[in-house]
Amino acid sequence: MSLTYKNNVEFSLFSLSKKRTVIPEPVNFEDGNGNIYERDKNSKGFLKTKSNSLKFFAEGYDFLFEQFVSRGVAEDVILQKRIKSNERWRIVSEVFLDMGKCKFNDSEKTVQTEATQGGLLKQIESKFDDEFDMIQQTSSNGDDIGFLKTVNVDLGEKEIFLRSELSVEDGTLIKATVSGGDLLNARAIPFKVDVNSDQEDITYVNTNKLRAANNTYATLTSDTSANCFYTNADLDTNIILNGRVEIRMVNTNLGSLEMSLVYYINGDDLNYDSSRRISLGSMNPNIQGNVLFYDFDDFVVPIRKGDSLTIGVLTDTLDGVSYEVYNTSLFITENSSFPPTITRATTLFDLGERLVSVLTGQTDSFRSNLLKDSGSLITQGYWIRQFPDVINEGTEEERRIQFTTSMDDFIKHIDLLFSIAWWVEKEGNKEVMRVELLSETQQKFIGIKYGEKSALNFNYIQASKVKRNVLSKNFYSKIVLGSNKGGEGYEEVAGLQSICGRAEWSTINGKTNDSEYRKISPYSLSDIDIELPRRKQYEDFPETDTKYDSVLSVLDCKKIGNSYYLKKWQDIYEEAPKNIYSVDSAYNLNLTPARLLLVHGSVINAGLYHYPSDSINFSSSNCNSSLVTKKANEEELIEGDPIPHSILDTPRIKPFSIEFDLKVSQELEDKIRGINNGVQNWFGLVAVNTGTEIEYMRLNKVDTNREGKHQLVEAYI
């Protein structure tokens, strides 16, 4: 049959393995099977689909049958419609076919299937939630994708506040027995650890044994080494003791008794250091019920690397003594500093590029003006601790570290940080994934006018069957922002140490509506989650695991030339933040929950702008809600205080959905698909005659079939 069409229209099929083949027009292609343009609710980009299934015959049947037999369903098949105008062919429709839904009718020699999302978008979405190791050099399809790009970042000296709590159960009995004519004896106060902020140094005392010799204490051995509450210090430092130690005589005897803070030195050798023993008091052990106590009040204890400590009781009695411990608890605090180290990290742009490569096998297929020069980096515990990629290489114990994440995690993270949209677009004949600010998809230029050009002017076509619906979900009653990792629950540090975590707020809409705005990053935003594993460098702790080793963490940096440096408060704020420990060594100061809320202000404000004098009210958080920050030309922002609607960015939409009928001409569809100064028209404003006036809207969905069905959202202008 002839493949020449009226009006110079041509249909064709092609795939990666089969060349372009001209086919007869598919059955029902024009009958209710026009294009549907729809903003994806997840990515915020636009998708183009077809509404009905398509039936192919003749050359179309042959192509699809041969394609399925030779390639199965793994390869994209594209149906293309072209129109010839002024001796030039123009593509007016290009859709992917779902090979997995093909129904072949051998007797009729026809095949029926459906249009689907394909190409790069399909490859990304099919593995969107799957986790992959970014360090591996092959894609999920086995393609060679080379090395993950990384940069080095100097993690400067940082201070954290450590606080541990130790106690002894009231009535704990300690017997100091003597034998063989040796009247000298030593015992330790047997603390148990209730809260441990320094697990490497502070240990549970599971024995009260000590050694004594020559009228004083002696070097410990393996059977007596478990009595030190502070063991083999990592670094030179000072710790501060508060609390009370108290003993009461039970079985008495003639002699002497003294309580001391006892130092042992040289690490695991635990050599007694007589020159540094600190006496805490003495008493007569011959009086039953006699009490010896010492109150620690901000008692500063100098610590050298390798030091160990115990509180010991030395007795020199005729036949030993027994005493009980009461009212004893000890609080250990430390302003702990750690010297600078280096960590590897990857930029958000390089991580996005890597994810696309891993998921699809295609390199150089990620685009983002937003992330290209962003100083926001991602690292992990292994890199922070300076692990090599391969541990014990060449031995039976060889193992490789991994950097594991998913496209879903990546998108959730950058959406929290920036409020973004993403989509797949054509770049010549190449498809690329693009990530940009959400505001880029809601611009202020008029991209589409619903009407027709005449010789002299533009005539708007009035929409019919206009309906307006309230978008109740945009009236958020609850806001949840931040990260589930970090903020609280640190066994290693005291209290609400982190300024970054997760917070919740309530709004005025909670009285009448139930809608939640939730943006949660799966990565850690806290500098504490970086500092704690940093103190376990691979060089010193090659066999030690930490719970942070596989955690992905954020480094908020500034880029100078080709190098990255941690942003400190001077890079962000007009004044030093208040109510934060060691502000000069802190970083990630712009990633607090309240600061992130302001990033999403224009979206949240779509349901709040009606009440400009009201505020968003703080509900709770798992991090420091007392932090105060101030940027230039702004008022102070207190994390736990109400956030006025007036400081939120202007919304880009009003919470009204507008539906109407209006037939879509080829001229209007060309305008919908068109580009204005490099930006898709559907990301601009849409001008529509709704019957009373020309209104400006945001495109949400257009079904070009038959009478034309349109769903738009009222723009805030």
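The exercises below, each with a worked solution, concern the salt bridges and one of the cavities of a predicted model.

**Exercise 1.** Determine which residues line the second largest cavity, and how many of them are nonpolar, polar and charged.

*Solution.* Begin with the search of the whole structure, which finds three cavities of 30 Å³ or more. The second largest cavity holds about 50 Å³ of space. Next, list its lining, which consists of Val73, Glu75, Asp76, Val77, Phe96, Leu97, Asp98, Met99, Gly100 and Lys122. Finally, sort these residues by class, which gives five nonpolar, one polar and four charged residues. Gly100 belongs to the lining, and it is counted as polar because Gly is placed in that class.

**Exercise 2.** Locate the salt bridge between Arg82 and Glu10 in the chain, and decide whether Arg82 is buried or exposed and whether Glu10 is buried or exposed.

*Solution.* First establish the contact: the side chains of Arg82 and Glu10 form a salt bridge with an N to O distance of 2.8 Å. The two partners come from distant parts of the chain, since Arg82 lies in strand S6 (residues 77-85) and Glu10 in strand S1 (residues 9-15), 72 residues apart. Then turn to accessibility, for which the cut-off is that buried means under 20% relative accessible area. Arg82 has a relative accessible area of 18% and is therefore buried, and Glu10, at 13%, is therefore buried as well.

**Exercise 3.** Carry out the analysis for Glu634 and Arg595, whose side chains meet in a salt bridge.

*Solution.* The N to O distance in this salt bridge is 3.3 Å. Placing the partners shows that distant parts of the chain are linked, with Glu634 in the loop between strand S43 (628-629) and strand S44 (637-638) and Arg595 in helix H8 (residues 593-599), 39 residues apart. As to accessibility, Glu634 counts as partly exposed at 34% relative accessibility, whereas Arg595, with a relative accessible area of 4%, is buried.

**Exercise 4.** Describe the salt bridge between Glu707 and Lys709, and state which residues are linked with Arg244 in a network of salt bridges.

*Solution.* In the pair of Glu707 and Lys709, the closest N and O atoms are 3.3 Å apart. Glu707 is partly exposed at 38% relative accessibility, and Lys709 is likewise partly exposed, with a relative accessible area of 38%. For the second part, the network of salt bridges links Arg244 with Glu246, Arg248 and Asp295. To set these contacts in context, note that the structure holds 40 salt bridges.

Methods:
Residues are numbered from 1 along each chain as its sequence is written. This is a predicted model: local features need pLDDT of at least 70, side-chain atom pairs count only at pLDDT 80 or more; totals for chains, interfaces and linings use all residues. Side-chain values use heavy atoms; hydrogens and water are left out. On a 1 Å grid over the protein atoms alone, a cavity is a set of points where a 1.4 Å probe fits but cannot get out, and a pocket is an open set with protein on both sides within 12 Å along at least five of seven lines; lining residues have an atom within 4 Å of a point. Grid points are joined across faces, edges and corners, and a volume is the space filled by probe spheres set on the points. A salt bridge is a side-chain nitrogen of Lys or Arg within 4 Å of a carboxyl oxygen of Asp or Glu. Helices (H or I, at least four residues) and strands (E, at least two) are DSSP runs, numbered from the N terminus. Buried means under 20% relative accessible area, exposed over 50%, partly exposed in between (1.4 Å probe, protein chains only).
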